[in-house]
Amino acid sequence: MREDWIEVELGEVCDIISGKNQKLVLDANGRYPIYGSGGVFGFANEYLCEPGTTVIGRKGTINSPIFVNERLWNVDTAFGISPKQINNSKYNYYFCLGFNFKKLDKSTTIPSLAKSDLLKIEFPLAPLPIQRAIVRKIENLFASLDKGIADLKTAQEQLKVYRQAVLKKAFEGEFTKEWREKQTNLQTVKELNETIDLSREKFYNQQIIEWEQAVLNWGKNGKKDKKPSKPSKLIIPEKPNAEHDNRKWDIPAHWIWTQVGTVCFVTKLAGFEYTDYVKYDDKGDLTVLKAENAGVNGFKKTEFSKIKSETVQMLKRSFLFGGELLVVFVGAGTGNVAVVPKDRKYFLGPNIGMARPYFEINSRFLEFQLQSSVGKHMMMATVKAVAQPSLSMATIRQTPIAFPSVVEQNQIVREIESRLSVCDKVEQSISEALAKAEALRQSILKKAFEGKLLSDIEIAKCKQEADYEPASKLLERIKKEKHHGK
């Protein structure tokens, strides 16, 4: 299928143009866009590359080619791959789009590419009419694919809107309105507050009992190790501020406004604890949870890091047994929450906080509330509009939550799950379809440059075009023209 094609080095058919620092030419009124691996971020009055250039990152992002059909300036962290006359510019771009530049990365820290490696890439040079036909077919197939992807993403956004509508109604008490009317023994506001107070006291008293027993055992063992420390009094969160109060919504008469730190013990792994004690070990028996495990819609399984439990025995508060609420407190996922599964014992890793209920609470109720737009808006009330948002343990504790009795919490969770179960299945199907679409895109590109995309009829038509000639002759002619031009 690759009759009249030849394999050449990329440097034979393209100029690889190294970028230069944009500070030399940056001008708000410039005519030419300044490109990096992420796109345009300025303008210049000078240019380095001609139209039809493919821009790829030299350092950092190295696998996201951009086609530019105008003169441009590329920065020092990006290369411009500019085709010669024997190479259709879009053919060149689609080759780059299907090529895995990451395999050329030899760095151990920040991904990077060397010009010498780019020049040596094996490039399938086809006759010009074949190149044009391949480009047309790729773009026709991609147009259909992109339409399907756009429809899937629209459906995905609609599901997000539906999900938030369900959660908002749930925490306004709408789903349990009729249920409440049928109940005869719901806790009053006073009883709910008393339950919280008594449960906090019971939790602390149990800690004291366990500490006293630990001290007795310490004495029996000859007081060899450090004496167990007496548990601190439970932290009382700071009262909600004015912004918290502004963000509260109307709740049913039997509910109360309380705070995350009133009903949960909130903590994180201290920096020195992570540095001194947490040593990752593939043979470890304890799975570490990190910020990546708390997604927008709850818990996410990943390639977990592991540690040996004996190395962190002194960090008892960071052991997780299931039912705790994870809270991302720094970075892009700040505010994401997830309930820890009960399938195994876990350990609280870096950049993520933990809220462990002091008493019987439906953790999914807390998770759903803080995932809802109103709940997350409440938790983020103290976060400043900065590039790197963050929450402190104090601001997590301070977060107000709408709180009914546990029996109603359970009922609300059932109502939410019954509505979102189908939604979750559809969302999973969409995610799988999007992954398949991307795989199909790569399959199209692979076939194109293996010479398997065009049919025999399409190839025959290409051979009828006036400028059809084998790629070897095309390359030879261009080399002669270049030689005579010297």
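**Close-up views of a predicted model**

**View 1. Glu 415 and Arg 419 sit together in helix 13.** Both residues belong to helix 13 (residues 406–450), four residues apart, which is about one turn of the helix. This is a predicted model, so keep that in mind for every view here. The two side chains form a salt bridge, with the closest N and O atoms 2.7 Å apart. Glu 415 has a relative accessible area of 19%, so it counts as buried, because the cut-off for buried is under 20%. Arg 419, at 28% relative accessibility, is partly exposed.

**View 2. Arg 364 pairs with Glu 367 in helix 10.** Here's another pair within one helix: Arg 364 and Glu 367 are both in helix 10 (residues 363–371), three residues apart, about one turn of the helix. Their salt bridge has its closest N and O atoms 2.5 Å apart. Glu 367 is buried, at 2% relative accessibility, while Arg 364 is partly exposed with a relative accessible area of 30%.

**View 3. Asp 343 and Arg 344 meet side chain to side chain.** The N to O distance in this salt bridge is 3.7 Å. Asp 343 is partly exposed at 45% relative accessibility, and Arg 344 is partly exposed at 34%. For the wider tally, the structure holds 27 salt bridges.

**View 4. Four acidic residues make a negative surface patch.** The patch consists of Glu 191, Glu 194, Asp 197 and Glu 201. Take Glu 191 as a way in: this residue lies in helix 6 (residues 189–220). Its relative accessibility is 37%, so Glu 191 counts as partly exposed.

**View 5. Helix 2 has a cap and a run of buried residues.** At the N-terminal end of helix 2, Asn 88 acts as the cap, with a side-chain oxygen 2.9 Å from the backbone nitrogen of Lys 90. Helix 2 itself covers residues 89–98. Look along the helix and you'll find Tyr 91, Asn 92, Tyr 93, Tyr 94, Phe 95 and Cys 96 buried.

**View 6. Phe 123 is tucked into strand 9.** Strand 9 spans residues 122–125 and includes Phe 123. With a relative accessible area of 0%, Phe 123 is buried. If you zoom out to find Ile 256, the C-alpha atoms of Phe 123 and Ile 256 are 68 Å apart in space, and the two residues are 133 apart in sequence.

Note on methods: Residues numbered from 1 in each chain as written. Predicted model: local features only at pLDDT ≥ 70, side-chain atom pairs only at ≥ 80, totals over all residues. Heavy atoms only, no water. Patch = residues over 30% accessible without salt bridge, like charges linked within 9 Å, V, L, I, M, F, W, Y side chains within 5 Å. Areas by Shrake-Rupley, 256 points an atom, 1.4 Å probe, with all protein chains shown as cover. Lys, Arg positive; Asp, Glu negative; His and termini not counted. Charge placed at Lys NZ, Arg CZ, Asp CG, Glu CD. Helix = DSSP H or I, 4+ residues; strand = E, 2+ residues; numbered from the N terminus. Buried < 20%, exposed > 50% of the residue type's maximum accessible area, 1.4 Å probe, protein only. Polar contact = N/O pair within 3.5 Å; in protein donor to acceptor, adjacent residues only side chain to side chain.
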